[in-house]
Amino acid sequence: MKPTINLLTKDELYEIHLATMDILERVGVGIYEERALKLMDEAGANVDYDKKVVRIPQYLLKELISKAPEVVTLFARNPKHTVRLEPGKTYFNNSSYGIKVYDLDTRQHRDSKSEDVINFARLLDALENIHVYCPTVTAHDIPEHIRSLHELVISLENTSKHVSHAAYGVDAIKRYIQIGAAVAGGEDELRKKPLISASTCPISPLQHSKEDTETLIEFAKFGLPFFILSMAMGGGTAPLTIAGELVVINAEVLSGIALVQLVNPGTPVLYGSVSSTMDMKTGKTALGAPERPLINSGCVQLARYYGIPSWIGACSTDAKTPGPQAMFEKVMTLIVPMLAGANLIFGPAILDSGKTYSFEQLVLDNEIIGAVYRILEGVDVNADSLALEVIEKVGIGGHYLTQKHTCDHVLSDQWRPRLLDRGSRGDWIKAGGKDLCELARERAKEILSSHEVEPLEKDVKEEIWSILEKAEKELKN
């Protein structure tokens, strides 16, 4: 599947590239971690240790970016769920780091807990169009010093798909890697087939925090896939113009990728953006704005310009509950980045501008994605699809229902929804007259009550919980 939409011309991409090089060379980026400053200094960057500002020459940036691989494989403990991010393929992971859940039973917003992390993982494990799991919400019932590691462990237990999360602090990061190694079968196996990955977000505009940079360095040293995810907000932490915001995003992401490659050349990275624009009336980030797909489709093109896979925010909404606004905004923000050729899209399950997450919305998003996948398949034109023989056979005034050609193509050429109702109004009323959200809620409950996740082996499960228990005692001190 080739990208069918290029919002930016080659000349426009080059102009954004040149502007980014100019900003990185003259303005620079703030990097607040001492080891990173020294690495950049030794590589030839202009480092102001007092202000912790790094100005990166164009030649150095190009050299470092060129070391990043063009194809990134996200392995899973069940090999059938392994994802290969390469040109022409689009995959999905759920949105993450939410603080609220839209409760499946009460339909009320509440604080999230570890049980929700588990249930989102189990639900995603069963959905065919969501390929990578990021712990969807925060486990507020777990002490903060051990929370991210606990979320990692219960995620690995409850999905056999690739898991991507984050940890902060050198000691926590080392245990994060130990947990992944235990599941993979050792550190060497984890390096060969990384079934976990991690990400950090620059602080817009143009900053890399000490905590995020520590995470970046430790994961890069090990060689695990690492994602740099800009969260710039046009009009707030970036220029309001889309071209100007793209320059800020590009500078943040490229400087992070350059640092990863400086630590460990060849480490798999993703060029990430969940950026959007500020609603100038409310002062809040508008995740369902039409500008968002324009911004992030531009990022898709920039990532491809540098030969790096893209990780893009889409399928997003500012709606507080599942319903018409959510569906409108999710389709609008999704279809353009998919047509632009995004490699990995971040967004399913999201509500409320990223604060709240919904089980039934994850099911609905899986349905939306399936339909858009069908659109992206396009139209095959060949001897079989032109169907000259069957058209001649049926002739004038006949029908095609009983033709073998129809039977041969019914599964391959026609998308079949799980939730959408295409029957008569009478049949719909007889079935209970349920709206789409209610059907999705029932589907989510059905999956959670019946789906069996491929279990971890007993000794592996014991090992990762042992690592977690030791970390809980040691990291608290």
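This is a short tour of two sheets, a helix pair and the nonpolar cores. The model is predicted.

**Stop 1: the sheet with β7 and β21**

Select strands β7, β8, β20 and β21. They form an open sheet, in the order β8-β7-β21-β20. The pairing is mixed. Look at the edges next: β8 (109-111) and β20 (350-351) sit there. Each has a single partner strand, so one side of each is left without a neighbour in the sheet.

Now select residues 100-102, strand β7, and residues 356-358, strand β21. These two run parallel and are joined by three bridges. To see one pairing, pick Lys 100; its bridge partner in β21 is Thr 356.

Add residues 359-377, which are helix α12. This helix lies across β7, β20 and β21. Its angle to β21 is about 65 degrees.

**Stop 2: the nonpolar cores**

Which residues have the most contacts inside the largest nonpolar core? Select Met 40, Val 54, Phe 120, Leu 123, Ile 257, Tyr 271 and Leu 334. The core they belong to has 120 residues. Next, colour residues 242-263, helix α9. That helix gives this core its largest share, twelve residues.

A second core is separate and has 13 residues. Among them are Leu 74, Tyr 91, Leu 270 and Leu 344.

Go back to Leu 123 and show what surrounds it. Leaving aside residues up to four places away in sequence, Leu 123 touches Phe 359, Leu 362 and Val 363. It also touches Ala 444, Ile 447 and Leu 448. Phe 359, Leu 362 and Val 363 fall within α12, the helix from Stop 1.

**Stop 3: the sheet with β1 and β3**

Select β1, β2, β3 and β12. This is another open sheet of four strands, ordered β2-β3-β1-β12, with mixed pairing. Strands β2 (46-48) and β12 (207-208) are at the edges, and each pairs on one side only.

Zoom in on β2 and on β3, residues 53-55. They run antiparallel, with three bridges between them. Click Asn 46: its bridge partner in β3 is Arg 55.

**Stop 4: a helix pair**

Finish with residues 291-305, helix α10, and residues 324-340, helix α11. Their axes are 9 Å apart, and the helices pack at an angle of about 20 degrees. That makes α10 roughly parallel to α11. The crossing is right-handed.

Show the side chains at the contact. From α10, select Pro 293, Ser 297, Val 300 and Arg 304. From α11, select Met 332, Thr 333, Val 336, Pro 337 and Ala 340.

Note on methods:
Residues are numbered from 1 along each chain as its sequence is written. This is a predicted model: local features need pLDDT of at least 70, side-chain atom pairs count only at pLDDT 80 or more; totals for chains, interfaces and linings use all residues. Side-chain values use heavy atoms; hydrogens and water are left out. Two strands pair if DSSP finds at least two bridges between them. Contact means heavy atoms within 4.5 Å. Axes are lines fitted to C-alpha atoms, for helices over the stretch in contact, and angles run from 0 to 180 degrees between N-to-C directions. A nonpolar core is a set of buried Ala, Val, Leu, Ile, Met, Phe, Trp, Tyr and Cys residues joined through side-chain atoms within 4.5 Å. Buried means under 20% relative accessible area, exposed over 50%, partly exposed in between (1.4 Å probe, protein chains only). Angles under 35 degrees count as roughly parallel, over 145 as roughly antiparallel, 65 to 115 as roughly perpendicular and the rest as oblique. A crossing is left-handed if the near helix is turned anticlockwise from the far one by less than a right angle, and right-handed if clockwise.
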